[in-house]
Amino acid sequence: MNEPAKTEPKGALLDTMYRPVWETDKPQVDLFYAKPILRDEAGNELVGVAPLIRQATVDATMQRQVQYLKQAFEALHMRFERGERFRLLVRINSVALATSEAAKEVTDVMRTLSVEERRHIIPEITAFPKSLSLNTLDDITIPLMAFFDTWLAQPEKEQADFTPFSNLNYAGVVLDLLDKPIDLKLAGKVFQLFAQRASHRRLPTWVLGIPTPELAKVARICGINVLSGAYMNMDSMLPGPVIEGTQDFMV
């Protein structure tokens with residue numbers, strides 16, 4: 001799904017919320033999505049405004065990316081200091097890696113993670129170029145390889161062939177519904193097409209931003225492997241702790 005096109009209001013502040021991510025083949029949840037949001041000056045969430053979309057320049061995109069990663073990594077570090085262990089899904093706009101100078105700023109933040117913390121981070125790369133060659137994808141992915149064991153791709157709407165992601169050992173592909181309502185029949189067609197394209201390259205499928213339990217059930221019927229969204233009703237200010245046992249969102 002395309003990211004919202006609403007204009008970011010002046011004075012908006014970046015914040016990060018955390019929500020569970022359910023891998024449907026696991027009986028517990030130890031993965032949380034660091035969901036970037038914007039708040040107005042009164043602290044209210046600005047719905048429909050995407051914080052990590054491309055800004056006016058590569059440098060501005062990088063600065064927002066760095067701010068988000070610092071928040072997410074600090075939250076993870078706080079939990080690790082308490083002895084808690086779980087994984088964290090973080091979003092990375094590929095534009096923030098578009099120049100060597102910008103990529104250095106982003107990777108400098110990654111260097112603040114301990115070796116153990118790095119093993120608990122899963123990056124999800126977004127905003128790929130519409131014309132995506134293997135060489136271009138290689139340039140985007142290489143900066144992450146020194147830090148993380150696995151990474152995901154959120155393909156652009158026009159990206160029908162997921163072969164480049166498979167060739168560079170991506171661990172899955174992501175579809176984000178942005179917590180917006182969608183007709184169940186239409187959703188079924190979207191999920192089936194997404195799963196079909198991914199299965200051709202043996203890529204697990206992730207759907208984030210699922211707004212309702214009914215849509216979550218449709219996603220499960222269509223074979224989606226990993227689910228997360230507002231339907232869980234479990235967003236929190238900090239990630240974790242690990243969720244044990246059967247929960248309502250495990251449909």
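Which strand holds the place of T205?

**View 1. T205 sits in strand β8 of this predicted model.**
Strand β8 covers residues 205–208. T205 is buried because its relative accessible area is 2%, under the 20% cut-off. Look for the residues around T205. Beyond four places away in sequence, T205 touches V173, F194, A195 and A198. T205 also touches G223, I224, N225 and V226.

**View 2. F191 belongs to the largest nonpolar core.**
This core has 71 residues. F165 and F191 have the most contacts inside it. Helix α1, residues 58–81, gives the most to this core, with 9 residues. Apart from this core lies another one, of 10 residues. Among its members are V21, L31, I122 and L208. In soluble globular proteins, nonpolar side chains tend to be buried together.

**View 3. F191 has contacts with residues beyond its neighbours in sequence.**
Neighbours within four places in sequence are left aside here. F191 is in contact with L175, L177 and V207. The list for F191 also includes L215, V218, A219, C222 and I224. Both F191 and T205 touch I224.

**View 4. Strand β1 pairs with strand β3.**
Strand β1 runs over residues 13–20. Strand β3 runs over residues 31–39. The two pair in the antiparallel sense, over 8 bridges. Find R19: Y33 in β3 stands opposite it. Is β1 mostly covered or mostly uncovered? Strand β1 is mostly covered, with 7 of its 8 residues buried. In a regular strand the side chains alternate between the two faces of the sheet.

**View 5. F147 lies in a loop.**
The loop runs between helix α4 (134–145) and strand β6 (152–153). Is F147 buried or exposed? F147 counts as buried because its relative accessible area is 9%, under the 20% cut-off. Leaving aside neighbours within four places in sequence, F147 is in contact with T107, M110, R111 and R118. Now compare F147 with S114. In sequence, 33 residues separate the two. In space, their C-alpha atoms are 9.8 Å apart.

**View 6. Confidence in the model is given by pLDDT.**
The mean pLDDT of the protein is 93. A value of 70 or more is reached by 98% of the residues. Over residues 1–5, the pLDDT is below 50. This stretch has 14 contacts in the model beyond near neighbours in sequence. Where pLDDT is low, the predicted coordinates should not be read in detail.

Technical notes. Residues are numbered from 1 along each chain as its sequence is written. This is a predicted model: local features need pLDDT of at least 70, side-chain atom pairs count only at pLDDT 80 or more; totals for chains, interfaces and linings use all residues. Side-chain values use heavy atoms; hydrogens and water are left out. Buried means under 20% relative accessible area, exposed over 50%, partly exposed in between (1.4 Å probe, protein chains only). Helices (H or I, at least four residues) and strands (E, at least two) are DSSP runs, numbered from the N terminus. Two strands pair if DSSP finds at least two bridges between them. Contact means heavy atoms within 4.5 Å. A nonpolar core is a set of buried Ala, Val, Leu, Ile, Met, Phe, Trp, Tyr and Cys residues joined through side-chain atoms within 4.5 Å. pLDDT is the predictor's confidence in each residue, from 0 to 100.
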